[in-house]
Amino acid sequence: MADAKDTPASGSGGAPAPSAPPAADTPAGGTSRRDFFKWSLPLGWTAFSAACASSLVATTRFLFPNVLFEPPQSFKAGFPSEYNLGEVDTRWKDAFGVWIVRNPEGFYALIAVCTHLGCSPNWLAAENKFKCPCHGSGFYQSGINFEGPAPRPLERARILLADDGQILVDKSVKFQQEKGEWSKAEAFLKL
Ligand code: FES
């Protein structure tokens, strides 16, 4: 009679069969290889897309840098006949930062920058003066300062007639009254 030790472990009466080894794609940590591939692919694409987007932004910044575009320094301001005698013409202030004034002798172009700290004054026709909204400086129609902290008159820009008969204003050349420059030829356009 065979000894129980010699009987192979089979059938219902034998020792329990050893458990199956863990599947090859299920590491001890619990995350299967299939899970790993399932998540790593979208994550990889997301990272790749983010890298592409950031390099696109960098390239765009390089090609189109943040540059402050200043208005042109010179411009044609129409024909003398378009201006009324004794009036401050405010048409050019927003686009070019200049007022053009016509008096009985001719024209001058005042630069719309307060000589205190550089704010942009407004022309108050009813009060016949330029008034700075920042600290209250006031300037006569001529540009001479008379109230508030502004230490000197407004500056004037070069003004002349272009070949086509229009008024040409050139802000790259400025004239200061306190230096006696308003009497220079191109500080005033005589007609
Ligand atoms: S900036 Fe015009 S009064 Fe100060």
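The following is a short exchange about a predicted model of one chain.

Biologist: What makes up the chain, in helices and strands?

Modeller: The chain has two helices and 11 strands. From the N terminus, the order of elements is α-β-β-α-β-β-β-β-β-β-β-β-β. Of its 191 residues, 30% count as buried.

Biologist: Why is Leu 41 called exposed?

Modeller: Exposed means over 50% relative accessible area. Leu 41 has 56% relative accessibility, so the residue counts as exposed. Leu 41 is part of helix H1, which covers residues 33-63.

Biologist: Which residues make the nonpolar surface patch that includes Leu 41?

Modeller: Leu 41, Trp 45 and Phe 48 make a patch of about 380 Å². To belong to a patch, a residue needs over 30% relative accessible area. Leu 41, at 56%, passes that cut-off.

Biologist: Why is the contact of Asp 164 with Lys 76 called a salt bridge?

Modeller: The rule asks for a side-chain nitrogen of Lys or Arg within 4 Å of a carboxyl oxygen of Asp or Glu. For Asp 164 and Lys 76 the N to O distance is 2.9 Å, so the pair meets the rule.

Biologist: What does this pair tie together?

Modeller: Lys 76 lies in strand E1 (residues 74-76), and Asp 164 in the loop between strand E9 (156-161) and strand E10 (167-175), so the salt bridge ties together parts that are 88 residues apart in sequence.

Biologist: Are Asp 164 and Lys 76 buried, exposed or in between?

Modeller: Partly exposed is the class between under 20% and over 50%. Asp 164 has 36% relative accessibility and therefore counts as partly exposed. Lys 76 has a relative accessible area of 43% and is also partly exposed.

Biologist: How do you know that Glu 82 and Arg 91 form a salt bridge?

Modeller: Their closest N and O atoms are 3.3 Å apart. The cut-off is 4 Å, so the pair counts. Glu 82, with a relative accessible area of 38%, is partly exposed, and Arg 91, with 42%, is partly exposed. By this rule the count comes to 10 salt bridges.

Biologist: What makes Lys 129 buried, and Glu 127 partly exposed?

Modeller: Buried means under 20% relative accessible area. Lys 129 is at 12%, so Lys 129 counts as buried. Glu 127 is at 48%, which is not over 50%, so Glu 127 stays partly exposed. The side chains of Glu 127 and Lys 129 meet in a salt bridge with an N to O distance of 3.4 Å.

Biologist: Which residues are linked with Glu 127 in a network of salt bridges?

Modeller: The network links Glu 127 with Lys 129, Lys 131 and Glu 147.

Biologist: Why is Asp 170 called buried?

Modeller: Asp 170 has a relative accessible area of 10%, and the cut-off is under 20%, so the residue is buried. Asp 170 sits in strand E10. The C-alpha atoms of Asp 170 and Gln 73 are separated by 5.8 Å, while the two residues are 97 residues apart along the chain.

Biologist: What lines the largest pocket?

Modeller: The largest pocket holds about 210 Å³ of space. Its lining has 14 residues, and the closest to its centre are Ile 111, Ala 112, Val 113, Lys 171 and Lys 174. By class, the lining has six nonpolar, four polar and four charged residues.

Biologist: How do you know that Lys 171 goes with the charged class and Val 113 with the nonpolar one?

Modeller: Lys counts as charged and Val as nonpolar, so Lys 171 and Val 113 fall into those classes.

Conventions. Residues numbered from 1 in each chain as written. Predicted model: local features only at pLDDT ≥ 70, side-chain atom pairs only at ≥ 80, totals over all residues. Heavy atoms only, no water. Patch = residues over 30% accessible without salt bridge, like charges linked within 9 Å, V, L, I, M, F, W, Y side chains within 5 Å. Areas by Shrake-Rupley, 256 points an atom, 1.4 Å probe, with all protein chains shown as cover. Helix = DSSP H or I, 4+ residues; strand = E, 2+ residues; numbered from the N terminus. Buried < 20%, exposed > 50% of the residue type's maximum accessible area, 1.4 Å probe, protein only. 1 Å grid on protein atoms, 1.4 Å probe; cavity = no way out; pocket = protein on both sides within 12 Å on 5 of 7 lines; lining within 4 Å. Points joined across faces, edges and corners; volume = space filled by probe spheres on them.
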